Amino acid sequence: MASLQSSFSSISAIRSCCSSSSSSLTPTTTSLTMLPETDRRSPGVGQRLACRAMVQQTVQGAPAAYAKEMERLSAKESLLLAFKDAGGFEALVSGKTTDMHMIDVNERITGLERLNPTPRPTTSPFLEGRWNFEWFGSRSPGLFAARFIFERFPPNLANLSKMDVVIKDAYANITANTRLLNSIECRFILSTKLSVEGPLRMKEEYVEGVLETPKVIEETVPDQLKGALGQAASTIQQLPIPVRDAFSSGLKFPLSGTFQRLFMISYLDDEILIIRDTSGVPEVLTRLDAPSSPLAESITEYES
């Protein structure tokens with residue numbers, strides 16, 4: 001009986017020793033300490049080494065992600081500064097952008113695309129909204145709208161001030177804003193249909209073009225033109241009501257089946273959108289409104 005009690009006492013002592021030994025290990029250790037040769041041959045030491053290495057890797061992940069995010073933000077700022085140095089939108093549409101500025105902008109675009117934070121931009125809630133054109137290529141519908149304006153008005157009379165696009169419910173409305181003689185505002189709106197072709201790829205089809213009725217800014221009209229503009233307004237009022245209504249709603253013409261293109265979204269976040277068409281020329285847009293909530297994930301399916 002005494003022998004049995006002695007055995008229980010020995011077992012209790014061993015359990016107490018193991019418990020105190022395991023509780024002395026610190027699970028938040030972030031450094032990997034090399035142990036002497038005799039200790040590395042001890043049972044369980046390999047597991048402790050692996051555990052410490054995993055903790056160290058987890059702790060180092062946060063600084064790495066922070067550094068990458070800082071790199072992305074720096075690349076965005078660098079690209080926007082490159083647009084400004086190149087003369088902005090006005091220099092682009094008027095053909096005054098130099099070759100040096102072109103290669104500088106394209107280099108910074110490529111650097112930002114490498115840091116794209118959105119793996120499926122075609123179905124991202126960030127895609128919808130109002131965007132401003134900063135840079136576009138030779139086959140862009142934005143350039144089509146710009147050429148439409150310049151081909152109908154002399155360059156010394158018309159000034160393309162800005163272009164923007166509203167993307168909503170699989171449609172895009174590109175608006176080119178022009179000012180004639182700095183006194184008459186004219187807008188050309190190009191509607192296109194968008195369809196998802198893959199995580200990065202979309203198809204765009206022209207639907208309709210609308211040339212809105214010009215609006216006169218009376219405060220800026222030169223004195224020598226006020227009489228002519230007054231006569232034009234009086235003539236419009238004398239037109240039959242159906243014709244006058246059609247004139248006031250703008251000139252519309254269908255474009256279905258005339259043009260379509262495939263493009264890839266190479267970068268998308270809450271502020272910048274970059275796309276490339278089949279020729280590889282990039283188009284860069286910056287957001288004009290508040291982005292949608294990233295929590296509202298889209299469930300749109302696509303065909304590969």
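Let me start with one residue: glutamate 271 is partly exposed, at a relative accessible area of 43%. I begin there since the salt bridges are the main topic today. Before going on, note that this is a predicted model.

Glutamate 271 pairs with lysine 76 in a salt bridge, and the closest N and O atoms are 2.5 Å apart. Where do the two partners of this pair sit in the chain? Lysine 76 is in helix 3, glutamate 271 is in the loop between strand 8 and strand 9, and the two are 195 residues apart, so the pair links distant parts of the chain. Unlike its partly exposed partner, lysine 76 is buried, with a relative accessible area of 6%.

The next salt bridge involves the same helix and the same loop. The side chains of arginine 72 and aspartate 269 meet at 2.8 Å, N to O. Arginine 72 lies in helix 3, residues 45-85, and aspartate 269 lies in the loop between strand 8 (260-268) and strand 9 (272-277), so this pair ties together parts that are 197 residues apart in sequence. Are these two side chains' residues buried or exposed? Both arginine 72 and aspartate 269 are buried.

Now a salt bridge elsewhere. Arginine 187 and glutamate 212 form one, with their closest N and O atoms 3.0 Å apart. Arginine 187 belongs to strand 4, residues 184-196, while glutamate 212 is in the loop between strand 5 (201-211) and strand 6 (215-216), so the parts tied together here are 25 residues apart in sequence. Arginine 187 is partly exposed, with a relative accessible area of 34%.

Which residues do shared partners join into one salt-bridge network? They are Glu69, Arg72, Lys76, Asp269 and Glu271. Over the whole structure, the count comes to 13 salt bridges.

Aspartate 269 also turns up in the surroundings of threonine 118. Threonine 118 is found in the loop between helix 5 (99-113) and strand 1. Leaving aside residues up to four places away in sequence, threonine 118 touches Ser124, Leu268 and Asp269. With a relative accessible area of 11%, threonine 118 is buried.

On to the aromatic rings. The structure holds 5 aromatic pairs. In one of them, phenylalanine 89 and phenylalanine 136, the ring centres are 6.1 Å apart and the planes stand at 65°, so the pair is edge-to-face. Phenylalanine 89 is in helix 4, residues 88-94, and phenylalanine 136 is in the loop between strand 1 (129-135) and helix 6 (141-152); with their positions 47 residues apart, the pair links distant parts of the chain. Phenylalanine 89 counts as buried at 10% relative accessibility, and phenylalanine 136 is buried at 8%. Ring pairs link Phe89, Phe133 and Phe136 into a cluster.

Finally, the chain as a whole. What does its secondary structure come to? There are 8 helices and 10 strands. Of the 304 residues, 31% are buried. Among contacts with a separation of 6 or more, 64% are between residues 24 or more positions apart. The accessible surface is about 18700 Å², and carbon and sulfur atoms account for 57% of that.

Definitions and conventions. Residues are numbered from 1 along each chain as its sequence is written. This is a predicted model: local features need pLDDT of at least 70, side-chain atom pairs count only at pLDDT 80 or more; totals for chains, interfaces and linings use all residues. Side-chain values use heavy atoms; hydrogens and water are left out. Rings of Phe, Tyr and Trp (its six-membered ring) pair if their centres lie within 6.5 Å; planes under 30 degrees apart count as stacked, over 60 as edge-to-face and the rest as tilted. Helices (H or I, at least four residues) and strands (E, at least two) are DSSP runs, numbered from the N terminus. Buried means under 20% relative accessible area, exposed over 50%, partly exposed in between (1.4 Å probe, protein chains only). Contact means heavy atoms within 4.5 Å. Accessible areas come from the Shrake-Rupley method with a 1.4 Å probe; for residues, only the protein chains shown count as cover. A salt bridge is a side-chain nitrogen of Lys or Arg within 4 Å of a carboxyl oxygen of Asp or Glu.
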